[in-house]
Amino acid sequence: SSLNFAPLLPEVQLSLKLSDEDVWLSNVLAVSGAVVIRLILGPMCDQYGARTMMSGLLLCCSVPCLLSGLAYDLFSLCLIRTLVG
């Protein structure tokens, strides 16, 4: 779900006045968040089942996904993109 933000990055970069390095940082944090979640969810999927864990993940990630439109600076953008993963 971190890929849903990619088409919007040029507009977000303009509206938040971000540099190319800032956009790169938000991309790196989004991928890092996804890697960490996958490392955590792998064993949990084995224990509780993939459907249960993925359903919970979708519910948990829907909140930061909805909040992505409220990002007002680099910190909030990076935090939201890390949580969405």
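Which exposed residues does the face of α1 turned away from its buried side carry? In this predicted model, that face carries Pro10, Glu11 and Leu14. The mean pLDDT of the protein is 86, and 96% of its residues reach 70 or more. Confidence is highest in α2, with a mean of 90, and lowest in helix α3, which spans residues 50-67 and has a mean of 86.

The opposite aspect of α1 concerns its buried residues. Leu9, Val12, Gln13 and Leu16 are buried in this helix. Viewed down the axis of α1, the buried residues fall within an arc of 100°, and they therefore line one face of the helix. The cover over these residues includes α2 and α4, the latter comprising residues 74-84. Helix α1 itself extends over residues 9-16.

The end of α1 is marked by a backbone feature. Lys17 follows α1 and lies in the loop between α1 and α2. Its phi is positive, at about 55°, although Lys17 is not a glycine. Most residues other than glycine have a negative phi. With a relative accessibility of 72%, Lys17 lies over the 50% cut-off and therefore counts as exposed.

Helix α2 comprises residues 20-48 and includes Ser26. The relative accessibility of Ser26 is 0%, so this residue counts as buried. When residues up to four places away in sequence are not counted, Ser26 touches Leu9, Leu77, Cys78 and Arg81. One of these partners, Leu9, is among the buried residues of α1. The contacts of Ser26 with Leu77, Cys78 and Arg81 involve residues within the 74-84 range of α4. Both α2 and α4 are included in what covers the buried residues of α1.

A contrasting environment is found at Val28, which is also placed in helix α2. Because its relative accessibility is 32%, Val28 counts as partly exposed, whereas Ser26 is buried at 0%. Together with Trp24 and Leu25, Val28 makes a nonpolar surface patch of about 290 Å². Helix α2 thus holds the buried Ser26 as well as the partly exposed Val28.

Technical notes: Residues are numbered from 1 along each chain as its sequence is written. This is a predicted model: local features need pLDDT of at least 70, side-chain atom pairs count only at pLDDT 80 or more; totals for chains, interfaces and linings use all residues. Side-chain values use heavy atoms; hydrogens and water are left out. Helices (H or I, at least four residues) and strands (E, at least two) are DSSP runs, numbered from the N terminus. Buried means under 20% relative accessible area, exposed over 50%, partly exposed in between (1.4 Å probe, protein chains only). Contact means heavy atoms within 4.5 Å. Patches are made of residues with over 30% relative accessible area and no salt bridge: like charges are joined within 9 Å, nonpolar side chains (Val, Leu, Ile, Met, Phe, Trp, Tyr) within 5 Å. Accessible areas come from the Shrake-Rupley method with a 1.4 Å probe; for residues, only the protein chains shown count as cover. A salt bridge is a side-chain nitrogen of Lys or Arg within 4 Å of a carboxyl oxygen of Asp or Glu. The arc is that of the directions from the helix axis to the C-beta atoms. pLDDT is the predictor's confidence in each residue, from 0 to 100.
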